[in-house]
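Biologist: I would like a close look at a single part of this protein. Please take one residue and what surrounds it, and then place that part within the whole chain.

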Amino acid sequence: SFDALSYMELQGNDLQGSAEFLCDAFGVNSTDVKVDKLSLDCSCCACCESASLTDIKLSGLRSIVSNLSSPDDLANPESAQSRALDWLLGEDNPLSPDDKVRVAQRYSLAVLYYSTNGPQWREQYQFLTPEHECDWADKDRIVAVKSCSDDKLVTSLDFSDIGMVGSIPTEFGHLTQLAEAGFLGNDLSGSIPTEIGRLVKLIFLSLVDNKSIGGTIPTELGALPLQALWLSKNSLTGMIPSELGNLELRW
């Protein structure tokens, strides 16, 4: 038996915070504690013996995405979510998992791309290129990502008449700084995701003339600061939610 712990291996995990107390236990010059130091503070630990920094970064990205999409979607290799994750992990210079908001934004836009048959859009608008998401637009910034905030978070999207086919994914609700979203004149189907209710800054939403968007109008729309809600020429059913009476529509 051992009288005292003399060696510890913790690498290959997603540990965070400080492990400085281990330095006191093992001695300042000890390298007998093996950890992944990308997000773990430990001045005396040896780093990454069994995992490269890239592997650790990819593990961190997977961890973030696991909180953005359902496990079933991520496990299905044909799903938009799985394809978006594969793309995110396969970039030449993957994002740092420390920037969770940026990861959520880039991943959610990639899911939207795959969910709406992005490869067959009339143009690609630099989607899924190494460029920042705020540059995923036409040269005049009229289509796709129209504007971003000073801290590079998407605030306005316009995908009108670009040949979208498919449905708006639930991950669209992770674009929490979005103020304007236009999808006029595409061939979208499915229902309006209730997760749009997370877009607490949304003032403009247009889904006009998609014809196959069905189901009921989400009650969650009534809690948003919408000033314009355009849903005509679709296949919506059911009652108009009374919650829409809370809106202060202006145009």
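Modeller: What follows starts at one threonine, moves to a disulfide beside it in the description, and ends with the chain as a whole. The model is predicted.

Take T155, which lies in strand β7, a strand that runs over residues 154-158. Is T155 buried or exposed? Its relative accessible area is 17%, and the cut-off for buried is under 20%, so T155 counts as buried.

Which residues does T155 touch, if its neighbours within four places in sequence are left aside? The contacts are S147, C148 and S149, together with Q177, L178, A179 and E180. With S147 there is also a polar contact: it joins the side chain of T155 to the side chain of S147, at 2.8 Å. As for Q177, this residue is 22 residues away from T155 along the chain, yet the two C-alpha atoms are separated by 5.5 Å.

One of the contacts of T155, C148, leads to the next feature. C148 forms a disulfide with C134, and the two sulfur atoms are 2.1 Å apart. A disulfide is a covalent bond between the sulfur atoms of two cysteines. A search of the whole structure finds one disulfide. The pair links distant parts of the chain, 14 residues apart: C148 is in strand β6 (144-148), while C134 is in the loop between α5 (100-115) and β6. The torsion about the S-S bond is about -110 degrees, so the disulfide is left-handed. The two cysteines can also be described by their accessibility. C134 has 4% relative accessibility and counts as buried, whereas C148, at 24%, counts as partly exposed.

Elsewhere in the chain there is an open sheet of four strands, paired in parallel, in the order β8-β10-β12-β14. Its edges are β8 (165-166) and β14 (235-236); each has a single partner strand, so one side of each is left without a neighbour in the sheet. The partner pairing of β12 (residues 212-215) with β14 is parallel and has two bridges. Within the sheet, G215 stands opposite L236 of β14.

Now the whole chain. The secondary structure comes to five helices and 14 strands. Of the 251 residues, 48% count as buried, and T155 is one of the buried residues. Among contacts with a separation of 6 or more, 46% are between residues 24 or more positions apart. The accessible surface of the chain is about 12800 Å², and 49% of this belongs to carbon and sulfur atoms.

Notes. Residues are numbered from 1 along each chain as its sequence is written. This is a predicted model: local features need pLDDT of at least 70, side-chain atom pairs count only at pLDDT 80 or more; totals for chains, interfaces and linings use all residues. Side-chain values use heavy atoms; hydrogens and water are left out. Buried means under 20% relative accessible area, exposed over 50%, partly exposed in between (1.4 Å probe, protein chains only). Contact means heavy atoms within 4.5 Å. A polar contact is a pair of N or O atoms within 3.5 Å; within protein, one must be able to donate a hydrogen and the other to accept it, and residues adjacent in sequence count only if both atoms are side-chain atoms. Two strands pair if DSSP finds at least two bridges between them. A disulfide is a pair of cysteine sulfur atoms within 2.5 Å. Accessible areas come from the Shrake-Rupley method with a 1.4 Å probe; for residues, only the protein chains shown count as cover.
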